[in-house]
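Dear colleague,

I am handing over the structure we talked about, and I would ask you to keep it open while you read the notes that follow it.

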Amino acid sequence: MLYCPAMSNFRPDAAIVSEIVPSPNHSERRGVTRPDMILLHYTGMTSAQDALRRLCDTQAKVSCHYLVFEDGRVVQLVPEARRAWHAGVSVWQGETDINSRSIGVEIANPGHDFGYPEFPADQIEAVVALCRDIIARHSIRPQRVLAHSDVAPARKADPGERFPWRRLHAAGVGLWVEPAPISEGPALGPGEHGPAVRELQAALAQYGYGIAVNGVYDEATKIVVVAFQRHFRPARVDGLADPSTFATLHRLCKTCASA
Ligand SMILES: [Zn+2]
């Protein structure tokens with residue numbers, strides 16, 4: 001409450017919320033009556049309190065619905081009925097107004113620029129409980145629980161390859177398939193072109209990534225492969241479509257089709 005202007009208060013939407021700290025940075029959802037996506041972020045700042053201050057700063061023009069502290073405390077900043085400003089320029093399944101369709105969850109972590117520590121267990125437990133609550137109330141499908149880096153791969157790396165997606169999936173949150181083991185073998189990479197590149201791009205686009213299917217392994221393709229690996233094949237994040245990346249992507253598309 002210290003850092004935010006006194007806006008009209010509201011009741012928490014999720015049971016795990018311990019405090020309301022209203023942010024002024026929100027607007028009306030456009031074209032959707034209820035959110036059908038959860039977008040997970042890390043704050044990318046050394047202090048969670050600084051992040052909270054920024055998420056409430058009128059000048060910064062950013063916000064989220066929930067902020068999860070390292071110790072598992074959950075603060076709500078924006079009512080779920082409102083459009084919080086967390087996604088920025090983004091695309092998923094051809095939709096570009098991700099803020100209107102999503103619930104934004106910021107997870108306090110300094111991120112890649114500041115040493116990228118592991119996410120504490122208490123924090124992840126809180127993220128799981130919060131997401132389960134949101135998923136149940138809005139019937140959000142597993143494949144619609146996404147990373148900021150999934151919808152904005154050229155700009156964002158959060159919550160990053162250390163985020164435990166497997167653990168979330170085991171608790172009923174999000175889609176996950178066991179990554180195919182990494183083996184040495186021919187990998188597609190920048191500069192290559194042809195049907196195999198086109199097949200890769202088509203599968204990534206089918207899953208939801210904003211990628212042109214042009215048969216050329218351009219910089220944009222590499223960037224999307226990096227985003228895919230951060231989420232689904234985190235053991236090696238290098239932007240090269242090696243056999244494990246291909247196999248994991250195929251498993252994922254198959255699972256998604258039957259989900
Ligand atoms: Zn983010």
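**What was found**

Ser-244 has its place in helix H8, which covers residues 243–258. Please keep in mind from the start that this is a predicted model. With a relative accessible area of 2%, Ser-244 is buried, and its side chain reaches the backbone oxygen of Ala-180 at a distance of 2.7 Å.

**The zinc ion**

Which residues coordinate the zinc ion? They are His-41 and His-148, each through its ND1 atom, and Asp-158 through OD, at 2.1 to 2.2 Å. Along the sequence, these donor residues follow the spacing H-x106-H-x9-D. Of the donors, His-148 belongs to helix H4 (residues 148–151), while Asp-158 sits in the loop between H4 and helix H5 (165–170), so that this pair, 10 residues apart, links distant parts of the chain. Are His-148 and Asp-158 buried or exposed? Both His-148 and Asp-158 are buried.

Asp-158 deserves a further look, for the peptide bond that joins Asp-158 and Pro-159 is cis, with an omega of about 0°. Pro-159 likewise lies in the loop between H4 and H5.

**The largest pocket**

The largest pocket has a volume of about 470 Å³, and its lining is made up of 26 residues, of which Tyr-42, Thr-43, Glu-106, His-148 and Lys-156 lie nearest the centre. The elements that contribute two or more residues to this lining are strand E3 (37–42) and helix H1 (48–55), and the largest share, 3 residues, comes from H1. If you sort the lining by class, you will find 9 nonpolar, 10 polar and 7 charged residues. You will have noticed that His-148 appears both among the residues nearest the centre of this pocket and among the donors to the zinc ion.

**Salt bridges**

As background, side chains of opposite charge can pair when their charged atoms come close. How many salt bridges does a search of the whole structure find? The search finds 15 of them, and a few are worth following one by one.

Arg-101 forms a salt bridge with Asp-36, and the closest N and O atoms of this pair are 2.8 Å apart. Because Arg-101 lies in helix H2 (residues 98–101) and Asp-36 in the loop between strand E2 (26–28) and E3, the pair ties together parts that are 65 residues apart in sequence. Asp-36 has a relative accessible area of 24% and is therefore partly exposed. Arg-101 also forms a salt bridge with Glu-95, where the closest N and O atoms are 3.3 Å apart, and Glu-95 is partly exposed too, with a relative accessible area of 23%. These residues belong to a network of salt bridges that links Asp-36, Glu-95, Arg-101 and Arg-144.

Another salt bridge joins Arg-137 to Asp-133, with the closest N and O atoms 2.5 Å apart. Both residues of this pair lie in helix H3 (residues 121–138), and they are 4 residues apart, which is about one turn of the helix. Arg-137, with a relative accessible area of 29%, is partly exposed, whereas Asp-133, at 18%, is buried, because the cut-off for a buried residue is a value under 20%.

**Backbone angles and one exposed proline**

Tyr-116 is not a glycine, and yet it has a positive phi of about 45°. Tyr-116 lies in the loop between strand E7 (102–107) and H3, and it counts as buried, at 4% relative accessibility. Ser-139 is another residue other than glycine with a positive phi, in this case near 50°. Ser-139 is found in the loop between H3 and strand E8 (145–147), and at 62% relative accessibility it counts as exposed.

Finally, Pro-195 has its place in helix H6 (residues 195–207) and is exposed, with a relative accessible area of 70%. From Pro-195 to Cys-256 there are 61 residues in sequence and 23 Å in space, taken from C-alpha to C-alpha.

With kind regards

Notes
Residues are numbered from 1 along each chain as its sequence is written. This is a predicted model: local features need pLDDT of at least 70, side-chain atom pairs count only at pLDDT 80 or more; totals for chains, interfaces and linings use all residues. Side-chain values use heavy atoms; hydrogens and water are left out. On a 1 Å grid over the protein atoms alone, a cavity is a set of points where a 1.4 Å probe fits but cannot get out, and a pocket is an open set with protein on both sides within 12 Å along at least five of seven lines; lining residues have an atom within 4 Å of a point. Grid points are joined across faces, edges and corners, and a volume is the space filled by probe spheres set on the points. Ala, Val, Leu, Ile, Met, Phe, Trp, Tyr, Cys and Pro count as nonpolar, Asp, Glu, Lys and Arg as charged, and the others, Gly among them, as polar. Donors are N, O and S atoms within 2.8 Å of the metal (3.2 Å for Na, K and Ca); water is not among the atoms, so sites may look incomplete. Buried means under 20% relative accessible area, exposed over 50%, partly exposed in between (1.4 Å probe, protein chains only). A salt bridge is a side-chain nitrogen of Lys or Arg within 4 Å of a carboxyl oxygen of Asp or Glu. A polar contact is a pair of N or O atoms within 3.5 Å; within protein, one must be able to donate a hydrogen and the other to accept it, and residues adjacent in sequence count only if both atoms are side-chain atoms.
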